[in-house]
Protein chains: 2
Amino acid sequence: MSYTIKEVAERTNISAHVLRYYEKEGVLPRIDRSQGGSRRYTDEDLDLLGLITCLKNTGMPLKDIRTFVQLREEGPVTLAQRRDILKAQQQNVLERLEEMRMNYEKVTKKLAYYDGLLAERQAEGAKK
Amino acid sequence: MSYTIKEVAERTNISAHVLRYYEKEGVLPRIDRSQGGSRRYTDEDLDLLGLITCLKNTGMPLKDIRTFVQLREEGPVTLAQRRDILKAQQQNVLERLEEMRMNYEKVTKKLAYYDGLLAERQAEGAKK
DNA sequence: ATAAAACTTAGAGCTAAGGTGAAGTCAAGA
DNA sequence: TCTTGACTTCACCTTAGCTCTAAGTTTTAT
């Protein structure tokens, strides 16, 4: 199976423009073209795009993703290097998770404080 | 107690430049000045700065933080509004947490896949 | 009292990650 | 054949969030 840029855009919620931009920047590898020169994405491309999206959403900058994708282009020789990048990113995500949890706590506490103040004001108003 | 901009910068890991920038943009309220015009931060300012940092780190854009801070300047009348903003942000953080967890899964799986490939190659090499 | 360090404002410049628009090519249907 | 719509490249525009510079003033330590 292969897909046009529009199909991929719909499926991934990444605009056609951004798909081209990613390719130009090396964040995606060179995508195969049809006779007329239009991009034809394979299932493998889609799979890679899924990973890229995940890396991006966990805070990896595009230039680091490009490095990863370039290594991938160089074949199995770079497997260990790519593994190390993923390992580092895993650690990274773990730290973000922990930080996010702490921030959740903080917002929750502040919220409780505000709710307390509001309850007081409520009580105050009722007294009169 | 009051603190100079440098002390606050050291304590919060937010550069003096950024502290001034935040104030100019209304992300921080107008900070009191010394005789000569230098900023003197109070403990209350520091507390607010902590909340601001938390909101920012959980993805709230500066302009929304500004709105929050402006409401705070308007006094207790806006308590309920501010509570609602915090409530929404709490929900927001929860969603991010969930998403981050899913991304952690994805990276972990991919990593396992890579480790599998590497183990194979290892075995392959040993056979010879 | 004076020198060095830290402060002030105003404003320009930078980076990341896109978005926009022009100008042209190509393929398929009425 | 003509038109419609998706595709191409290329160059410039936008936004968020800083980051730095310049030129001058204040604070602090001796």
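# Two matching chains and two DNA strands

Let's start with how the two protein copies meet: 100% of the interface residues of chain A are also interface residues in chain B, so the copies meet through the same surface. Keep in mind that this is a predicted model.

## How the copies are related

Two copies of a chain are related by a rotation about an axis and a shift along it. Here, you can lay chain A on chain B with a rotation of 180 degrees and a shift of 0.1 Å along the axis, and the RMSD comes out at 0.2 Å. The two copies are thus related as by a two-fold rotation axis. Want to find that axis in the viewer? Look for A:Leu97, the residue of chain A that comes closest to it, with its C-alpha at 3.2 Å.

## Where chain A touches chain B

How many residues of each chain are in contact with the other chain? There are 34 in chain A, and they touch 34 in chain B. The size of an interface is often given as the accessible area lost when the parts come together. For chain A and chain B, that comes to about 3,600 Å², with 75% of it on carbon and sulfur atoms. On the chain A side, the residues that lose the most area to chain B are A:Met100, A:Tyr104 and A:Tyr114, which together account for 19% of what that side buries.

Now for the polar side of the story. Eight residue pairs are in polar contact across the interface of chain A and chain B, both partners having pLDDT 80 or more. On chain A, the elements that give two or more residues to the side touching chain B are α3 (43-57) and α5 (79-127). Which of the elements supplies the largest share of that side? It's α5(A), with 26 residues. Sorted by class, the side of chain A that touches chain B has 17 nonpolar, six polar and eleven charged residues.

Salt bridges turn up here too. Over all chains, the structure holds 22 salt bridges, and the count between chain A and chain B is four. One of them pairs A:Arg83 with B:Asp115, where the closest N and O atoms are 3.2 Å apart. Swap the chain letters and you get another: A:Asp115 and B:Arg83 meet through their side chains, also with 3.2 Å from N to O. A:Asp115 sits in helix α5 of chain A and B:Arg83 in helix α5 (residues 79-127) of chain B, so this pair joins two chains.

## Around DNA strand C

Next, the DNA. There are 17 residues around DNA strand C, and the ones that come nearest are A:His17, A:Tyr22, B:Lys6, B:Arg20 and B:Arg39. Which part of the strand faces the protein, sugar and phosphate or bases? Of the strand C atoms within 4 Å of the protein, 71% belong to sugar or phosphate and the rest to bases.

Both chains take part in this surface: α2 (16-24) of chain A and α1 (5-12) of chain B each supply at least two residues. The largest share comes from α2(A), with four residues. By class, the surface near DNA strand C has six nonpolar, six polar and five charged residues.

## Around DNA strand D

DNA strand D also has 17 residues around it, and A:Arg20, A:Arg39, B:Tyr22, B:Ser34 and B:Gly36 come nearest. Of its atoms within 4 Å of the protein, 71% belong to sugar or phosphate and the rest to bases.

The table lists polar atoms of the protein that lie by a phosphate oxygen of either strand.

| Residue | Part of the residue | DNA strand | Distance to a phosphate oxygen |
|---|---|---|---|
| B:Thr4 | side chain | C | 3.5 Å |
| B:Arg20 | side chain | C | 2.8 Å |
| B:Arg39 | backbone | C | 2.6 Å |
| A:Arg39 | side chain | D | 2.4 Å |
| B:Ser34 | side chain | D | 2.9 Å |
| B:Gly36 | backbone | D | 2.9 Å |

For strand D, the elements that give two or more residues to the nearby surface are α1 (5-12) of chain A and α2 (16-24) of chain B. Which element gives the largest share? That's α2(B), with four residues. The surface near DNA strand D divides into six nonpolar, six polar and five charged residues.

Definitions and conventions: Residues numbered from 1 in each chain as written. Chains lettered and ligands numbered in written order. Predicted model: local features only at pLDDT ≥ 70, side-chain atom pairs only at ≥ 80, totals over all residues. Heavy atoms only, no water. Near = heavy atom within 4 Å. Polar contact = N/O pair within 3.5 Å; in protein donor to acceptor, adjacent residues only side chain to side chain. Nonpolar A, V, L, I, M, F, W, Y, C, P; charged D, E, K, R; others polar. Contact = heavy atoms within 4.5 Å. Buried area = accessible area lost by both parts, 1.4 Å probe. Least-squares fit on C-alpha atoms with pLDDT ≥ 70 in both.
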